[in-house]
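Biologist: Hi! I'm new to this one, could you walk me through it?
Modeller: Happy to, let's look at it together.

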Protein chains: 2
Amino acid sequence: MINTRVAVAIHILALIASKPHEDLTSEYIASSVNTNPVVIRRLLGMLKKAGLIQTTAGKAGAWLTRGPTAITLLDIFHAVEPNESLFAIHDNPNTHCPVGKGIQRVLDEAFGAAQTALEERLSAETLQDILHRLFVED
Amino acid sequence: MINTRVAVAIHILALIASKPHEDLTSEYIASSVNTNPVVIRRLLGMLKKAGLIQTTAGKAGAWLTRGPTAITLLDIFHAVEPNESLFAIHDNPNTHCPVGKGIQRVLDEAFGAAQTALEERLSAETLQDILHRLFVED
DNA sequence: TTTGATGTAACTCATTTAGTTACATCGAAA
DNA sequence: TTTCGATGTAACTAAATGAGTTACATCAAA
């Protein structure tokens, strides 16, 4: 199972986007997520590194670098999940075996296609859609 | 990242399907995968429990319960990955916060859609396709 | 200069994964 | 019927990951 970082990161960004005129502290965000402020600051660091938000050291508040319609769930996923491939493949299969010899390439293709399908779906949903589902639709 | 069980299970089934007239031992399969025979037997157990193969205790060999065209990568995925949801969601978000209150439902929807996209792609590929890519195509 | 915030290193604890040892049990051949 | 080689499975280990926590250097602003 994929870790909770993606879920928490979306939660964080939804908070920031929903209160653009308030300077949210990591402690406030943590109380909404129900975790430790350091966990939030770590994620804010990753989101900042990915260019999704901007912050100032020592000063409360975080701001989106672009509008919620321009931030996809895939952007968020990649920001907090540095791993390139979704599926792990066992290494050093026996190259003297016809199956072992070709399996990594074949798995790369199959898993790559599946990951692409997932990523295309994630890139079709934006932070704005999340806000809409949170506040407009029931 | 998703564990190597899916990859190894596909490897195992490709071996079984490619040598339908040989009784492969867990030791032989392990030498192709390059791991311990017990790891193979554990996976064979899961594949058997999922109804994909049949085995006899004490006797070498495993047999597909249906043809390679009728076994999808999604079948294999579900056989060795008992977890229902692909994405983890943090629990106990603050219900006094508007975002915290609705986030789990919204994440469930978004993650569910992404998982469905992944699973649809996995179900479009069969063990036969794997064999074809291993032995027919380059 | 004091206060309250961020940024980040370092540690802990729980969980998962993969590998391993050990052994009960079964099937088939000697 | 005994022996041999296989499966099935429990139990243990070691490594990796995830999430929470403490501690503290640093910065912004009053």
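Biologist: Which residues in α4(A) are buried?
Modeller: In α4(A), the buried ones are A:L73, A:L74, A:I76, A:F77, A:A79 and A:V80. Buried means under 20% relative accessible area, exposed over 50%, partly exposed in between, with a 1.4 Å probe and protein chains only. Helices are DSSP runs of H or I with at least four residues, strands are runs of E with at least two, and both are numbered from the N terminus. One caution: this is a predicted model, where local features need pLDDT of at least 70, side-chain atom pairs count only at pLDDT 80 or more, and totals for chains, interfaces and linings use all residues. Residues are numbered from 1 along each chain as its sequence is written, chains are lettered from A and ligands numbered from 1 in the order in which they are written, and side-chain values use heavy atoms, leaving out hydrogens and water.

Biologist: What do the buried residues of α4(A) pack against?
Modeller: They pack against α1, α3, α5 and α6 of chain A, together with α5 of chain B. Contact here means heavy atoms within 4.5 Å.

Biologist: You listed A:F77; which ring does A:F77 pair with across the chains?
Modeller: A:F77 pairs with B:F87, in the loop between α4 and α5 of chain B. The ring centres are 6.2 Å apart and the planes at 70°, so the pair is edge-to-face. Rings of Phe, Tyr and Trp (its six-membered ring) pair if their centres lie within 6.5 Å; planes under 30 degrees apart count as stacked, over 60 as edge-to-face and the rest as tilted.

Biologist: And why is the pair of B:F87 and B:F111 called stacked?
Modeller: Because their centres are 4.3 Å apart and their planes at 10°. B:F111 sits in helix α5 of chain B, 24 residues from B:F87. Ring pairs join A:F77, B:F87 and B:F111 into a cluster.

Biologist: Switching to the DNA: which residues come nearest to strand D?
Modeller: Of the 23 residues around DNA strand D, the nearest are A:T4, A:T35, A:R42, B:S26 and B:T55. Being near means that a heavy atom of the residue lies within 4 Å.

Biologist: What does A:T4 reach there?
Modeller: A polar side-chain atom of A:T4 is 2.3 Å from a phosphate oxygen of DNA strand D. For B:R41, a polar side-chain atom lies 2.9 Å from a base nitrogen of that strand.

Biologist: Which element gives the most to that surface?
Modeller: That's α3(B), with 4 residues near DNA strand D.

Terms used: A polar contact is a pair of N or O atoms within 3.5 Å; within protein, one must be able to donate a hydrogen and the other to accept it, and residues adjacent in sequence count only if both atoms are side-chain atoms.
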